[in-house]
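Work through the exercises below with the coordinates open. Try each task before reading its solution.

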Amino acid sequence: MSFAKEELLAVTIARLIGDARHVAVGAASPIPAMAVYLLREKNGGRPRVSLLQKRSGNPFTEGSRELFDLAGQGRIDVFFLGGAQIDGEANINLVGAEGKRFPGSFGSAYMYFTAGKTILFREEHSPRVLVPKVDFISAPGWSAPGVERRGGPAALLTGKALFLWQRDKRRFLLESVHPGSNAGDVRANTGFDYDAPDAVPATPPPSAAELALLRGPVAKVIAENYPEFARRVWDALAEIRPA
Amino acid sequence: MNLPANETRFLADAAALAREIPNGACIGLPPDYSPVAMEVVRALIRRGAKDLKLLGVPVLGLCADLLIGAGCVREVETSAVTLGEAGLAPRFTDAVEKGTLKVIDATCPMIHTGLQATEKGVPFMPLRGVLGSDLVKHHPDWKTIDNPYAQGDPILLAQAIVPDVALFHARWADEAGNVWVGRRGELATIAHASKACYVSYEEFKKGDMLEDELLAPGCIGSVYVTAVASAPRGAWPLGVPGAYGIDDAHLLHYARLAKTADGFRRYLDEFVFKTVAA
């Protein structure tokens, strides 16, 4: 069965979220939002999702400040962060690199500490994104003993592969490689060192049931809140779907 | 420091609000999903405002990109500048990469916390997290201390932030000078912490909204509001929740044009210097 890259990424994120009670989705994260709404369709409305930029029925009545207060209180189990650069110690840089300016750090320096776990997500998988050491630490992947920290990285998902974070070793472990790539391709396109098993499994594809949910009820919510993204994915889908 | 107990003034229009905001002022502004006083921003550009410092509460979007591109801005403190789905903010990005704009990078809850300190009239407030971020090294007003109630527990302090001006758009203003912003709590935080607060509004309501139990919780009381002015569709091309949505197509059009200085100039000519009926 054919599927869009975004659909594979969404079902992979859904597995990573697991049985969380409350997942928050920050600025411009349509694929993580797809993942959470997919889970809700599968699990009878669980987990709770707070979409920061939800256009209608926004979950917060105290503005964006409330997202951070919820996280500080331990009421958010899963959050998502990306990075202009991400390094092998799970530090992320959202400010800029190589003379290029990016939007900025958003709430990353706080949410990375306070959300129960953070899934790092960046579609581009290249040596310029996955670097040995970030040029600027927007949010650190780990903290010295004595620094209060509830959460941290759980995994790094890219357009080529899924890595799990090994907290005790402070290193990523290659968990699976997406269709179209292979272990050698991932190694060649990753600027940092990481652990890998001898045989790297393929990332499981979406099932027919998952695809039906993604293209039905999930697509509807996504189109309301991420219209540009929805147009892009749906146009691509129209091309791969048999007429 | 004393902040004023205001008696709200009613001004003629967005241009009159823009005239009250002096060159060099530090202006606290909301993100694109929270009603932005876009018509006042356009009036600031028309009047040739200079040397503004923009404070993103906690991030900035179209209004900042317009003001930066038009040469009104000296400095920005924010957690991000973004056009959301329309991508990078092109004039901000260009100015930073060329070194013509000073940026103080922050993280969202530190900005909220600095404003909340001012709300309470205290000099600073602590916040968890953030330690080990390079933001701490570069930010001039953040300090780490040891938690005085525990041992070996470092914690970060946000210095109280006092913007000269709070500027935003409200769904309603009433005869008493109250403004209604609904669930957009960050707008109340900016209003509470600023020396002056200017609000453009969508529609005027007779009477006093604080007399209405259902409307009162979404209000910012007139004691915080320096002046208001009518600006119907004044947030366009951004939205006012419950009234009209974001004009996504216009944002994409802007993002495309503003990629070049020349395209940006054409955008200003068409949508800022010409009076626009949206």
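Two strands pair if DSSP finds at least two bridges between them. Keep that cut-off in mind for the first two exercises. The model is predicted.

**Exercise 1. Find what joins strand β4 of chain A to β9(A), and lay out their sheet.**

Step 1. Count bridges. Strand β4 (residues 85-87) of chain A is joined to β9(A) by two bridges. Two is the minimum for pairing, so the strands count as paired.

Step 2. Get the direction. β4(A) and β9(A) run parallel.

Step 3. Fix the register. D87(A) is placed opposite V131(A) of β9(A).

Step 4. Place the strands. The sheet is open, has three strands and follows the order β5-β4-β9 in chain A. Its pairing is mixed.

Step 5. Name the edges. These are β5 (92-93) and β9 (130-131) of chain A, each paired on one side only.

**Exercise 2. Identify the pairing and burial of strand β8 of chain A.**

Step 1. Take one partner. Strand β3 (residues 78-81) of chain A pairs with β8(A) over four bridges, in the parallel sense. Opposite V78(A) stands K117(A) of β8(A).

Step 2. Take another partner. Strand β10 (residues 153-158) of chain A pairs with β8(A) over five bridges, again in the parallel sense. I119(A) has A155(A) as its bridge partner in β10(A).

Step 3. Check the cover. β8(A) spans residues 117-122, and five of its six residues are buried. The strand is mostly covered.

**Exercise 3. Describe the side of chain A that touches chain B.**

Step 1. Count both sides. Chain A has 41 residues in contact with 39 residues of chain B.

Step 2. Assign elements. On the chain A side, those giving two or more residues are α3 (65-72), β7 (100-101), α4 (108-114) and α7 (227-240). The largest share, five residues, belongs to α4(A).

Step 3. Sort by class. This side of chain A has 18 nonpolar, 15 polar and eight charged residues.

**Exercise 4. Determine the overall form of chain B and how its domains meet.**

Step 1. List the elements. Chain B holds nine helices and 13 strands.

Step 2. Test compactness. The radius of gyration of chain B is 19 Å, and the globule rule gives 19 Å for 278 residues, so chain B is as compact as a globular protein of that length.

Step 3. Add the dimensions. The C-alpha trace of chain B spans about 60 × 50 × 30 Å along its principal axes.

Step 4. Look at burial and contacts. Of the 278 residues in chain B, 55% count as buried. Among contacts in chain B with a separation of 6 or more, 73% come from residues 24 or more positions apart.

Step 5. Split the chain. The domain assignment gives domain 1 (9-107 + 161-273) and domain 2 (128-157) of chain B. Their centres, taken over C-alpha atoms, are separated by 31 Å.

Step 6. Inspect the contact between them. Four residues of domain 1 of chain B are in contact with four of domain 2 of chain B. The domain 1 side has two nonpolar residues, one polar and one charged.

**Exercise 5. Explain why helix α5 of chain B is largely enclosed.**

Step 1. Check the geometry. α5(B) covers residues 108-120, 13 in number. From first C-alpha to last it reaches 19 Å, close to the 18 Å expected at 1.5 Å a residue.

Step 2. Count buried residues. In α5(B), 11 of the 13 residues are buried, so the rest of the structure largely encloses the helix. Among them are C108(B), M110(B), H112(B) and L115(B).

Step 3. Look past the end. G121(B) follows α5(B) and has a positive phi, near 70°.

**Exercise 6. Classify I68(B) and S230(B) as buried, partly exposed or exposed.**

Step 1. Start with I68(B), found in helix α3 (residues 62-69) of chain B. It has 27 other C-beta atoms within 10 Å. The cut-off for buried is 20 or more, so I68(B) is buried.

Step 2. List its contacts. Beyond neighbours within four places in sequence, I68(B) is in contact with V73(B), R91(B), F92(B), A95(B) and L101(B).

Step 3. Turn to S230(B), in strand β13 (residues 227-230) of chain B. It has 17 other C-beta atoms within 10 Å and is partly exposed.

Step 4. List its contacts. With neighbours within four places left aside, S230(B) is in contact with D13(B), Y201(B) and F204(B).

Terms used: Residues are numbered from 1 along each chain as its sequence is written. Chains are lettered from A and ligands numbered from 1 in the order in which they are written. This is a predicted model: local features need pLDDT of at least 70, side-chain atom pairs count only at pLDDT 80 or more; totals for chains, interfaces and linings use all residues. Two residues are in contact if their C-beta atoms, placed from the backbone, lie within 7 Å. Ala, Val, Leu, Ile, Met, Phe, Trp, Tyr, Cys and Pro count as nonpolar, Asp, Glu, Lys and Arg as charged, and the others, Gly among them, as polar. The expected span of a helix is 1.5 Å times one less than its number of residues. A residue is buried if 20 or more other C-beta atoms lie within 10 Å of its own, exposed if 12 or fewer, and partly exposed in between; C-beta atoms are placed from the backbone. Domain bounds come from an automatic or database domain assignment. The radius of gyration is taken over C-alpha atoms; the globule rule is 2.2 Å times the number of residues to the power 0.38.
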